[in-house]
Amino acid sequence: MIDLGLTGQVFGEHGIGKTATFFSHIPAARPDAVLVFVPAANLTPDDLLANAPVRDASGGLVLRQLIMRQLKPGRPFVLLIDDSLQAGETIQSQLMQIACNWTLGEYDLRALGCIGVFLTDNESLAETSARRSDLAILDRMTTVRIGANDTSWRAALADRFPQWDLRPVFGIWAALTPALRQLLSPRTLEHVLANAREGFPLVWGLPLVNGERLRLAEPAPGGRGAPGADRTHEILDRIAAALGTDNPATVADPVRRVVRAALRNRWTVLLQGPPGCGKTEIVRQLVREELGREPLYYSMPVTNVEDLCAPVPTADGTLDNLLAVNFTGSEPKAIVWDEYNRPKDKAAFAKLMEITQEWSLAGQPIQGLRGQIALQNPPYHLGRKLQVARNNIAQATRFTASLVVDPADIPANEWLIARYGPVAETVLEWWKNDIDEEGRAWITKRTLERLIKLHGHGLPLEIGTVYLGDGEYAPVPLTALTDRLSRRTVTGLRELAADAAGWEARLVRAGEDSTEGGNDTDLVHQVIANAELSQLRKHRATVVRLVARLPPKLRSTYLVGATEQQQRFWIEVFAAMPRHPRPGRWRLTSRRPGSP
């Protein structure tokens, strides 16, 4: 098409390597030319062309059209307009002129050095906002429809993961039905492999579409009714077996591990969790720890396009996109996109598509960018719909890892204890022991902090819970919390430490009655299991003393799902435990030789 001077229209499914093929082929086939990549989905009307007052030779002001700087690179170039069907109506009109005549406004792109024009996209309306149907446009283009077998994605993945022989994985993929291969696109398969390399659950590589994990299941006949059997775990387990790796259901401390992996491997990751669980705070803290500087933080409900970049006229008669100062400089940086699925407008959200996919902004690479973390809420929580935007699979597959976060995955409890001390310990003991699972879902970590602050100023605790309207608050009884804060009789780790000898005697008696222990055994086990690591370390001597009296099957549970720090603590505790004789057993004693 370049040799013939024809406008090329390339259609293909998402994630099969359409764009990547241009980036690899043009430098090899046309070393004298440069690829000008323009993501149409994030263009605004003034990005390509704008009118601005400039001074003429006489010094007077005249109105002149200015063109995007990327379209005047000073050397031959191939123009690639990616996601061309996702642009708005105004941009579509500009693209029509480019596609038909290779012109833009008063500019002839050929005179600027253009040797090829291509528009790419997936023509499915499920992933785009328009369908190109105007015959005046279609008559000017040569159209190619491609599939996954028409690009060299297998060779690209083999180069990216040289530690594995991927031929068995490619065989598994090829044996899938066309519908499943479309769901498990090469881009998604790359994400699955990236998570496998880190020892993460392979399912994290599958995208979250409208808050739900993509299922590898056959569609229902005719697109109606329930889909076929869910083969997600079967297929991912087969891939793990082909790689010789594990496919764990989960990992300890998942949020910390996935954020650190993102900063180490230059990933874009998505964390979805309920409001108030501490997602934002832990991510910002981790970035500070890893990079030694604050992340670039953007809350999408208040982020405008102009907060990221804005086109400005330059002296040479072009439009140059001026980046926000935060994106400049070569120092290491990470971006946190908070409330990712609550964008202020479509234009701002469209700009994010370029950054998350290409790691560039307005065609300019962001120097020093080490990772991107997007945070969002699910569409529904506690039976209530949240006001979040929808996405499609093409947008969802931009993330290397997509993690559904449970409040238990975020160590916000330690932060509360470090900041508010004994009061926080008391409130957390109430949250863990005195209310049920539904109640804990209503009382988020953000709510816990409000309750602590209200108690400190003697204000009613109820006003700190979620208000539902018409005088109704979250359906969680606060009587037990009031009792605890009033220092009425309760049992926590502090109370166990205050009478360690007495509780040890109770455990001995319970062990003599039954090898399973008794009520006192269950109480001590529950207190220790629910305690935070900082509390366990503070009362280490008591923990060693009491854990030695618990049945072995209870002790073993402390290592299940524990983080590395927790595992290290428990190994030290087990090593320090005194060896007590088991009740009801004969004890081996020394005897003189020859005695009976």
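What follows is a friendly exchange between a biologist and a modeller about this predicted model.

Biologist: Let's start with the overall picture: how many helices and strands are there in the protein?

Modeller: The model is predicted, and its chain has 596 residues, of which 48% count as buried. The C-alpha atoms fill a box of roughly 110 × 60 × 50 Å along the principal axes. As for secondary structure, the count is 25 helices and 24 strands.

Biologist: What share of the contacts with a separation of 6 or more comes from residues 24 or more positions apart?

Modeller: One example of such a pair is Lys344 and Thr303, which lie 41 residues apart along the chain, with 6.3 Å between their C-alpha atoms. Lys344 is also in contact with Thr303. Over the whole protein, residues 24 or more positions apart account for 72% of those contacts.

Biologist: Thanks! Where is Lys344 found?

Modeller: Its relative accessible area is 45%, so Lys344 counts as partly exposed. Leaving aside neighbours within four places in sequence, Lys344 touches Met300, Pro301, Val302, Thr303 and Asn304. Its own place is the loop between strand 16 (333-338) and helix 12 (346-358).

Biologist: Now the cysteines: how many disulfides does a search of the whole structure find?

Modeller: Take Cys114, which is buried at 5% relative accessible area. The closest cysteine sulfur to that of Cys114 is in Cys100, 14 Å away, and a disulfide needs the two sulfurs within 2.5 Å, so this pair is too far apart for a bond. Cys309 is also buried, at 3% relative accessibility. For the whole structure, the number of disulfides found is zero.

Biologist: Which helix gives the largest share of the largest nonpolar core?

Modeller: That core has 58 residues, and those with the most contacts inside it are Leu166, Leu184, Ile239, Val258, Val259, Leu271 and Val283. Six residues of this core, its largest share, come from helix 10 (residues 254-265).

Biologist: And which residues does Val258 contact, leaving aside neighbours within four places in sequence?

Modeller: Val258 is among the residues with the most contacts inside the largest core. In general, nonpolar side chains of soluble globular proteins tend to be buried together. With the sequence neighbours left out, the contacts of Val258 are Phe200, Trp204, Val269, Leu271, Ala401 and Leu403.

Biologist: Which helices do the buried residues of helix 23 pack against?

Modeller: Helix 23 covers residues 540-547, and its buried residues are Thr542, Val543, Val544, Leu546 and Val547. These pack against helix 19 (493-498), helix 20 (500-513), helix 21 (519-530), helix 22 (533-538), helix 24 (552-556) and helix 25 (564-576).

Biologist: On to the backbone: is Trp359 buried or exposed?

Modeller: Trp359 has a phi near 60°, a positive value in a residue other than glycine. Its place is the loop between helix 12 and strand 17 (360-361). The relative accessible area of Trp359 is 10%, and the cut-off is under 20%, so Trp359 is buried.

Biologist: Then is Asp470 buried or exposed?

Modeller: Asp470 also has a positive phi, near 55°, and sits in the loop between strand 23 (467-469) and strand 24 (472-473). Its relative accessible area is 83%, and the cut-off is over 50%, so Asp470 is exposed.

Biologist: Last one: how far apart are the mean positions of the positive and negative charges?

Modeller: The accessible surface of the protein is about 29100 Å², with 51% belonging to carbon and sulfur atoms. There are 69 positive and 67 negative charges, and their mean positions are separated by 6 Å.

Note on methods
Residues numbered from 1 in each chain as written. Predicted model: local features only at pLDDT ≥ 70, side-chain atom pairs only at ≥ 80, totals over all residues. Heavy atoms only, no water. Buried < 20%, exposed > 50% of the residue type's maximum accessible area, 1.4 Å probe, protein only. Core = buried A, V, L, I, M, F, W, Y, C linked by side-chain atoms within 4.5 Å. Helix = DSSP H or I, 4+ residues; strand = E, 2+ residues; numbered from the N terminus. Contact = heavy atoms within 4.5 Å. Areas by Shrake-Rupley, 256 points an atom, 1.4 Å probe, with all protein chains shown as cover. Lys, Arg positive; Asp, Glu negative; His and termini not counted. Charge placed at Lys NZ, Arg CZ, Asp CG, Glu CD.
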